[in-house]
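Student: Could you walk me through this structure, one question at a time? I'd like to see how each answer is reached.

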Amino acid sequence: MSEIYDIGYRHYDGPRLGRGYSTRALAVHSLRGVFGLGRPARSKIVPFALATIMLVPAVVSIAIMALARQPGIPYSGFAVIMQAVIAIFLAAQAPTVVAPDLRYRVLPLYLSRPVSIAEYVGAKVTAMTVAVFALVATPLTVMYVGELVVDLPGPPATGEYLGSMVTALLLALLLSAFGLALASFTPRRGLGVASVITVYLLASASVPIIYASMAVTGNEEAAAWAWLMNPFWLVDSVQSWLFGTPPHSIEGGYPSGPASAAILVVLIGAAVAALALRYRKAAAQ
Amino acid sequence: MNTVVAGITYRALLGRRRIVLLLLLPVALIGLAVLLRAFGAADQATAVELMKSFAIGTMLPLLGLIAGTGVIAPEIDDGTIIHLLSKPISRPVIAQTKFLVAVTMLAVFAALPTYVAAFILVGNEDDIAVGFATGSLVAGIAYAAVFLLLGVVTRHAVTIGIIYALVWESLVGNLIAGARRFSIQSWGQSIADQISASPFLEADVALGFAVPALLVVTVAAVFWAGQRLRVFSLTGDE
């Protein structure tokens, strides 16, 4: 016969903050981790250096507007122009969101609390999305404020700016979901960085070659679809459908319209599903 | 060269998920070559473009990064390098062994697929296949040495390596011709240009600069990696 003894532990009768609170706390903690806040200075170098590089074209663009009195870099093309820097940021920082938890085996601890797998994945994707969005949106906003201050002849491109902000959010969601899904397959940060950048480079480096070879042989229609293999051009084609901006591909236009938006939604869904599946056996490395 | 250390390193590199990454890029390269051939676009200009922009421009730096840092960085990350360093093996010999392992990986996963892809496209015309295979092998040796050194010096080796390969070699190298003098892939291209007689291949860097540069960079990086291992101290992660 067993018996439960009251050995005098005090009960917790303070407020219970609930799942929403813990999910929010996890998201904020992950977001701070992306930028290295609350970590040593060494971890802040890479994210802040990349964020500074993102601001350089914005400053140049304002200088062009102020001195030459003509429009600088178009808002709608900013993410496509800076895609290498954004991709490096994603590759370098996505593993810092997911790898340490796997590496130090703290997931069972998280999941023994009210936080469920869906909330854990949601918090991580939200944190990374906010980080990538901030990376793209800050220079865009700086450029827009610059345009308002410089006061070019003609009305300011408010519509294009707002459209590019919505597009930046879509891009951030797509990139984060994919980056985290790739990075979460290994507890090693270095390997995570390498796998994310490998997938991006595979997509971006093979696209012009595929496009050129198909265009040369007369498959112009099919060739245009090749651009959509690169996530930045895919989101750009959705932007040109939603907001009527000109396409920013290297040469030739690309198919735009509901089809590319559907591809975008399917891809985001697939990446989030892959993440959820990966964490189904949470502690497995 | 220590065969036991080499064996352990091979097992660590090939036994885990790293092998998927090492295979992904060469498979994509050969796949692209087959695709181009199927579309009937297999001429010398396309072959040279594919080799320059994809084989040497994208695949080689990435594989060099994965293999070069992969031979030592995971051990440093885990702290298991302590077991290796506490054995009576000269530290420079450890560095040299790991360098040789990385070089053989690059020969198998980078130089060989480069030859196969070029051969699929144009056969042995004008020695394009041989030239690019040799160029990527030689440049791969230099990449392996540099990224091995990076892996010993810093824990952010992969990120720094990507910034070097993408921002310096690709972005800055495309805009400023002078930057190409200090990029390993351009040196590999000069070697390819020297061997191949193709009129479509035009190297930016003279062979007289590329060969000594490759030698100096490789020897200095391996030597320095050995020296760094001699005074290596294991510090905590973030």
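Tutor: Happy to! Let's begin with a term we will need: two residues are in contact if their C-beta atoms, placed from the backbone, lie within 7 Å. Please also keep in mind that this is a predicted model.

Student: With that in hand, what covers the buried residues of α9(B)?

Tutor: Let's first see which residues those are: among the buried ones in α9(B) are B:Ile184, B:Trp187, B:Ile191 and B:Ala192. Their cover is counted through contacts, in the sense just given. The elements that cover them include α3, α7, α8 and α10 (207-230) of chain B.

Student: Is α9(B) largely enclosed or largely open, and how many of its residues are buried?

Tutor: A residue is buried if 20 or more other C-beta atoms lie within 10 Å of its own. Because so much of the helix passes that test, α9(B) is largely enclosed by the rest of the structure. The number of buried residues is ten of the twelve.

Student: How far apart are the end C-alpha atoms of helix α9 of chain B?

Tutor: Start from the expectation: the helix runs over residues 184-195, and at 1.5 Å a residue its twelve residues should span 16 Å. The distance in the model agrees with that, at 17 Å.

Student: Moving to chain A, how many helices and strands does it have?

Tutor: Read along the sequence, the pattern of chain A is α-α-α-α-α-α-α-α-α-α-α. Along its principal axes, its C-alpha trace spans about 85 × 50 × 35 Å, and 44% of its 285 residues count as buried. The tally for chain A is eleven helices and zero strands.

Student: Where does helix α8 of chain A bend?

Tutor: End to end, this helix (residues 189-216) looks regular: its 28 residues reach 41 Å from first C-alpha to last, close to the 40 Å expected. Even so, there is a bend of about 30° within α8(A), and a proline, A:Pro208, follows within four residues. The bend is at A:Val207.

Student: How many residues of α8(A) are buried?

Tutor: The helix is largely enclosed by the rest of the structure, because most of its positions meet the cut-off for burial. Just after α8(A) comes A:Gly218, with a positive phi of about 90°. As for the buried residues of α8(A), the count is 20 of the 28.

Student: Which residue in the loop between α2 and α3 of chain A has a positive phi although it is not a glycine?

Tutor: The loop in question joins α2 (41-68) to α3 (78-81). The residue has 10 other C-beta atoms within 10 Å, so it is exposed. Its phi is about 55°, and the residue is A:Arg69.

Student: And in chain B, is B:Asp127 buried or partly exposed?

Tutor: B:Asp127 sits in the loop between α6 (91-122) and α7 of chain B, and its phi is also positive, near 55°. Burial takes 20 or more neighbours. B:Asp127 has 16 C-beta neighbours inside 10 Å, so it counts as partly exposed.

Student: Which helix gives the most to the largest nonpolar core?

Tutor: That core has 167 residues, and those with the most contacts inside it are A:Ile88, A:Ala91, B:Leu63, B:Ala144 and B:Leu148. The helix giving the most supplies 18 residues, at positions 128-153 of chain B, and is α7. B:Ala144, for its part, has contacts including B:Gly64, B:Phe99 and B:Leu106.  To name the helix once more, it is α7 of chain B.

Student: Where the chains touch, which element gives the most to the side of chain B?

Tutor: The meeting involves 34 residues of chain B and 28 residues of chain A. On the chain B side, the elements giving two or more residues are α2 (18-38), α3 (44-70), α4 and α8 (157-175). That side divides into 23 nonpolar, seven polar and four charged residues. The top contributor, with nine residues, is α3(B).

Student: Last one: which residues is B:Asp77 in contact with, leaving aside its neighbours within four places in sequence?

Tutor: B:Asp77 lies in helix α4 (residues 73-78) of chain B. Having 19 C-beta neighbours inside 10 Å, B:Asp77 counts as partly exposed. Its contacts span both chains: A:Arg188, A:Gly190 and B:Arg155.

Note on methods: Residues are numbered from 1 along each chain as its sequence is written. Chains are lettered from A and ligands numbered from 1 in the order in which they are written. This is a predicted model: local features need pLDDT of at least 70, side-chain atom pairs count only at pLDDT 80 or more; totals for chains, interfaces and linings use all residues. A nonpolar core is a set of buried Ala, Val, Leu, Ile, Met, Phe, Trp, Tyr and Cys residues joined through C-beta atoms within 7 Å. Ala, Val, Leu, Ile, Met, Phe, Trp, Tyr, Cys and Pro count as nonpolar, Asp, Glu, Lys and Arg as charged, and the others, Gly among them, as polar. The expected span of a helix is 1.5 Å times one less than its number of residues. The bend at a residue is the angle between axes fitted to the seven residues ending there and the seven starting there.
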